[in-house]
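Here's a quick walk through this model, helix by helix and then residue by residue. Keep the 3D view open as you read.

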Amino acid sequence: MNRNSRNTACLVNDGEAGQDRVFKAVLIYENVAAGARARWFLERLARASCKTLEEKMWNFDVLGIREVRKGAASAARKADVVAVCASGQREFPGAVRAWLDMWLWLLEDENPALLALLDSSDSPTAASICAYLGRIAQRAGIEFFSAHRQLSLFPVVRPKEEATWPEPVERALLSWLKLADE
């Protein structure tokens, strides 16, 4: 079954053809590889929730430009999920922290989820990043999810479509999305 027929089947089966079937995500990423992995995760999440992904992406470097930071914060205000994808090897630059503060300041009645996708779980910096983002989510009264990438010892054998993020995180986010739709 191709993607379009799967989405149509989900709409018919769910009886929710009149509901908004768009999954809005904002992705803030450290580097191109991290952004690509996170985008792939969000695409899987959208497919699993029978929604069409509408994403906007910014890397850490461009958030140093004030106007870009404002635009990204405004877009994140309207998102269902805001994902921050980083290596976990270094702390967030000041521009990312400023962007997070701006985004929280703009939130009113919106209830997005904040998602941390980190490449490393072994570094003290990764733990610090998760704790920081968890505090931000708690302060804003929004849900927080975090995942550390699963590395394969056999990357050549690994199927291209196999998940690189833990399935429990995907299931938790799908449950949260379902509750948010109700």
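Let's start where two helices meet: H3 passes H4 in a right-handed crossing. This is a predicted model, by the way, so treat everything below as computed from it.

**H3 against H4**

H3 covers residues 66–77, and its axis sits 9 Å from that of H4, at an angle of about 45°. An angle like that makes H3 and H4 oblique to each other. Who actually meets whom in H3 and H4? On the H3 side you'll find Arg69, Lys70, Ala72, Ala73, Ser74, Ala76 and Arg77, and on the H4 side Ala95, Ala98, Trp99, Met102, Trp103 and Leu106. Sorted by class, the residues of this contact come out as nine nonpolar, one polar and three charged.

**H4 against H5**

H4 also has H5 as a partner. The axes of H4 (residues 94–106) and H5 (residues 124–140) come within 11 Å and cross at roughly 15°. With an angle under 35 degrees, H4 and H5 are therefore roughly parallel to each other. The crossing of H4 with H5 is right-handed. H4 brings Arg97, Leu100, Asp101 and Leu104 to the contact, while H5 brings Tyr132, Leu133, Ile136, Arg139 and Ala140. That contact has six nonpolar and three charged residues, and no polar ones.

Here are the two pairs in one place.

| Helix pair | Axis separation | Angle | Citation |
|---|---|---|---|
| H3 and H4 | 9 Å | about 45° | oblique |
| H4 and H5 | within 11 Å | roughly 15° | roughly parallel |

**H4 itself, and what it packs on**

H4 has 13 residues and spans 18 Å from first C-alpha to last, close to the 18 Å expected at 1.5 Å a residue. Which residues of H4 are buried? They are Ala95, Val96, Trp99, Leu100, Trp103 and Leu104. In general, an α-helix has 3.6 residues a turn, so residues three or four places apart point the same way. The buried residues of H4 pack against the helices H3 and H5, and also against strands E1 (22–29), E3 (81–86) and E4 (113–118).

Just ahead, in the loop between E3 and H4, is Pro93. Pro93 counts as partly exposed, at 24% relative accessibility. Its C-alpha is 8.8 Å from that of Gly64, although Pro93 and Gly64 are 29 residues apart in sequence.

**Two buried alanines**

Ala137 lies in H5. Is Ala137 buried or exposed? Its relative accessibility is 1%, so Ala137 counts as buried. The C-alpha atoms of Ala137 and Leu104 are 8.9 Å apart, with their positions 33 residues apart along the chain. Setting aside neighbours within four places in sequence, Ala137 is in contact with Leu114, Ile142, Glu143 and Phe144.

Ala116 is in strand E4, and its relative accessible area is 0%, so it is buried too. The C-alpha of Ala116 is 5.8 Å from that of Ala83, a residue 33 positions away along the chain. Not counting residues up to four places away in sequence, Ala116 touches Val84, Leu133, Phe144, Phe145, Ser146 and Ala147.

**H2 and the cysteine after it**

H2 takes in residues 32–48, 17 residues in total, and reaches 24 Å from its first C-alpha to its last, close to the 24 Å expected at 1.5 Å a residue. Its buried residues are Ala34, Gly35, Arg37, Ala38, Trp40, Phe41, Leu42, Glu43, Arg44, Leu45 and Ala46. Note that the list includes Arg37, Glu43 and Arg44.

After H2 comes Cys50, in the loop between H2 and strand E2 (52–59). What is the phi of Cys50? It is positive, about 60°, although Cys50 is not a glycine. For background, most residues other than glycine have a negative phi. Cys50 is also buried, with a relative accessible area of 10%.

**Zooming out**

How many helices and strands does the chain have? There are six helices and five strands, running α-β-α-β-α-β-α-β-α-β-α from the N terminus. Of the 182 residues in the chain, 44% are buried. Among contacts in the chain with a separation of 6 or more, 76% are between residues 24 or more positions apart.

Technical notes:
Residues are numbered from 1 along each chain as its sequence is written. This is a predicted model: local features need pLDDT of at least 70, side-chain atom pairs count only at pLDDT 80 or more; totals for chains, interfaces and linings use all residues. Side-chain values use heavy atoms; hydrogens and water are left out. Axes are lines fitted to C-alpha atoms, for helices over the stretch in contact, and angles run from 0 to 180 degrees between N-to-C directions. Helices (H or I, at least four residues) and strands (E, at least two) are DSSP runs, numbered from the N terminus. Angles under 35 degrees count as roughly parallel, over 145 as roughly antiparallel, 65 to 115 as roughly perpendicular and the rest as oblique. A crossing is left-handed if the near helix is turned anticlockwise from the far one by less than a right angle, and right-handed if clockwise. Contact means heavy atoms within 4.5 Å. Ala, Val, Leu, Ile, Met, Phe, Trp, Tyr, Cys and Pro count as nonpolar, Asp, Glu, Lys and Arg as charged, and the others, Gly among them, as polar. The expected span of a helix is 1.5 Å times one less than its number of residues. Buried means under 20% relative accessible area, exposed over 50%, partly exposed in between (1.4 Å probe, protein chains only).
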